[in-house]
Amino acid sequence: MKKLNIYFTAGIPQLEDTKEIIQLIQNSGSDMIEIGMPYSDPVADGPVIQKAHELALKNGMTIQKLFSQLKSIKNVIKIPIILMGYINPVLSFGFEKFCAECSESGVSGLIIPDLPPIEFEKNYQQIINKYNLNFTFLITPETSDERILYLDSLSSGFLYAVSSSSTTGNANADLKNESYFSRIASLPLKNQVMIGFGIKTKRDFEKVTEKASGGIIGTAFVDILLHHKDWRNRAKEFIQSIKE
């Protein structure tokens with residue numbers, strides 16, 4: 001069975017909805033949850049997720065607030081929780097303090113797209129390991145085989161293959177990039193590969209997971225949370241439609 005990872009931004013639609021959404025994602029059949037930590041300049045994200053970041057910050061979401069929300073439900077969450085965000089807020093919080101809080105809050109891994117691998121190796125890998133956290137790097141169609149193998153060697157949990165060189169939710173994301181997906185599949189990687197960016201339907205999910213362990217859906221899910229009063233039912237139905 002291919003793995004489904006659902007992404008959403010913490011603190012939307014309302015500040016206190018985060019806990020309910022995490023449980024909804026788990027109960028609807030997702031295999032993993034990726035939670036975005038709101039940031040004022042989310043450069044890798046498209047307009048929908050940027051809007052989610054803005055709303056979450058306006059609602060008063062902070063890293064500390066997110067940790068307290070996670071702690072309050074950690075005993076009922078049985079699937080992996082990954083935190084995704086940018087390095088600046090994490091450094092402001094204090095990197096080791098952040099990792100310690102992750103460990104206490106039931107978080108199993110991190111994705112920080114703007115943390116350079118060389119910096120990771122030099123300054124942060126030991127701390128990540130100390131708190132038994134996974135760390136995932138991103139690769140794109142432009143990433144050379146040699147570099148993919150290097151990033152795979154540094155990653156744990158999974159390797160995040162961006163479907164095309166675009167921002168999240170891009171309507172032109174190339175889910176038919178057969179040569180890229182085949183190239184990744186042919187490499188002797190130690191990690192599972194999860195493909196993300198542009199997956200909106202069950203058909204998209206099936207397509208990208210032909211040669212990968214799973215898929216990551218963010219924008220299509222966040223869109224439901226932002227634009228529907230009836231988001232609870234719609235979100236549940238959406239996840240179930242992908243997994244059925």
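The following questions and answers go through a predicted model, from its sheet to its aromatic pairs and its loops.

Biologist: What is the order of the strands in the open sheet?
Modeller: The sheet has nine strands, and their pairing is parallel. β5 (134–135) and β6 stand at the edges with a single partner strand each, so one side of each lacks a neighbour in the sheet. The order is β5-β4-β3-β2-β1-β9-β8-β7-β6.

Biologist: How many bridges join strand β1 to β2, and which residue of β2 is the bridge partner of Asn 5?
Modeller: Strand β1 covers residues 3–9 and runs parallel to β2, with five bridges between them. One of the residues concerned is Asn 5, and its bridge partner in β2 is Met 32.

Biologist: Which strands does helix α3 touch, and what angle does its direction make with that of β3?
Modeller: Helix α3 spans residues 63–73 and packs on the sheet. The strands it touches are β2 and β3, and its direction makes with that of β3 an angle of about 175°.

Biologist: What angle does the direction of helix α8 make with that of β7?
Modeller: Helix α8 (residues 178–186) also packs on the sheet. Its contacts are with β6, β7 (158–162) and β8 (192–196). With the direction of β7, the angle is about 165°.

Biologist: Are the side chains on the faces of strand β3 buried or exposed?
Modeller: In a regular strand, side chains alternate between the two faces of the sheet. In β3 (residues 81–84), Ile 81 and Leu 83 are on one side, with Ile 82 and Met 84 on the other. Both faces are covered, and these four residues are all buried.

Biologist: Which residues stand opposite Ile 82 and Met 84 of β3?
Modeller: On one hand, β3 pairs with strand β2 (residues 32–36) in the parallel sense over four bridges. On the other, three bridges join β3 to strand β4 (residues 109–111), again in parallel. Opposite Ile 82 stands Glu 34, and the bridge partner of Met 84 is Ile 111.

Biologist: Why is the pair of Phe 95 and Tyr 124 classed as tilted or edge-to-face?
Modeller: The pair is one of ten aromatic pairs in the structure. The ring centres are 4.3 Å apart and the planes stand at 45°, so the class is tilted. Phe 95 lies in helix α5 (residues 95–105) and Tyr 124 in helix α6 (residues 117–130), so the pair ties together parts 29 residues apart in sequence. Both residues are buried, and the plane angle behind the class is 45°.

Biologist: What class of pair do Phe 120 and Phe 137 form?
Modeller: Phe 120 lies in helix α6 and Phe 137 in the loop between β5 and β6, so parts 17 residues apart in sequence are tied together. Phe 120 is buried at 2% relative accessible area, and Phe 137 is buried at 5%. The centres are 5.1 Å apart and the planes at 90°, so the pair is edge-to-face.

Biologist: Which residue lies over the face of Phe 93?
Modeller: Phe 93 forms one aromatic cluster with Phe 67 and Phe 98. At 4.3 Å from the ring centre of Phe 93 lies Lys 97.

Biologist: Is Thr 143 buried or exposed?
Modeller: Thr 143 is found in the loop between β6 (138–139) and α7 (145–154). A polar atom of its side chain lies 2.8 Å from the backbone nitrogen of Thr 140. Leaving aside neighbours within four places in sequence, Thr 143 is in contact with Ile 148, Leu 151 and Arg 183. Its relative accessible area is 11%, under the 20% limit, so Thr 143 is buried.

Biologist: What is omega for the cis peptide bond at Pro 13?
Modeller: Pro 13 is found in the loop between β1 and α1 (18–27). The cis bond joins Ile 12 and Pro 13, and omega is about -10°.

Biologist: Asn 132 and Phe 197 both have positive phi; which is buried and which is exposed?
Modeller: Asn 132, in the loop between α6 and β5, has phi near 55°. Phe 197, in the loop between β8 and α9 (202–208), has phi near 85°. At 68% relative accessible area Asn 132 is exposed, whereas at 8% the buried residue is Phe 197.

How values were computed: Residues are numbered from 1 along each chain as its sequence is written. This is a predicted model: local features need pLDDT of at least 70, side-chain atom pairs count only at pLDDT 80 or more; totals for chains, interfaces and linings use all residues. Side-chain values use heavy atoms; hydrogens and water are left out. Buried means under 20% relative accessible area, exposed over 50%, partly exposed in between (1.4 Å probe, protein chains only). Helices (H or I, at least four residues) and strands (E, at least two) are DSSP runs, numbered from the N terminus. Two strands pair if DSSP finds at least two bridges between them. A polar contact is a pair of N or O atoms within 3.5 Å; within protein, one must be able to donate a hydrogen and the other to accept it, and residues adjacent in sequence count only if both atoms are side-chain atoms. Contact means heavy atoms within 4.5 Å. Axes are lines fitted to C-alpha atoms, for helices over the stretch in contact, and angles run from 0 to 180 degrees between N-to-C directions. Rings of Phe, Tyr and Trp (its six-membered ring) pair if their centres lie within 6.5 Å; planes under 30 degrees apart count as stacked, over 60 as edge-to-face and the rest as tilted. A charge sits over a ring if NZ of Lys or CZ of Arg is within 6 Å of the ring centre and within 35 degrees of the ring normal.
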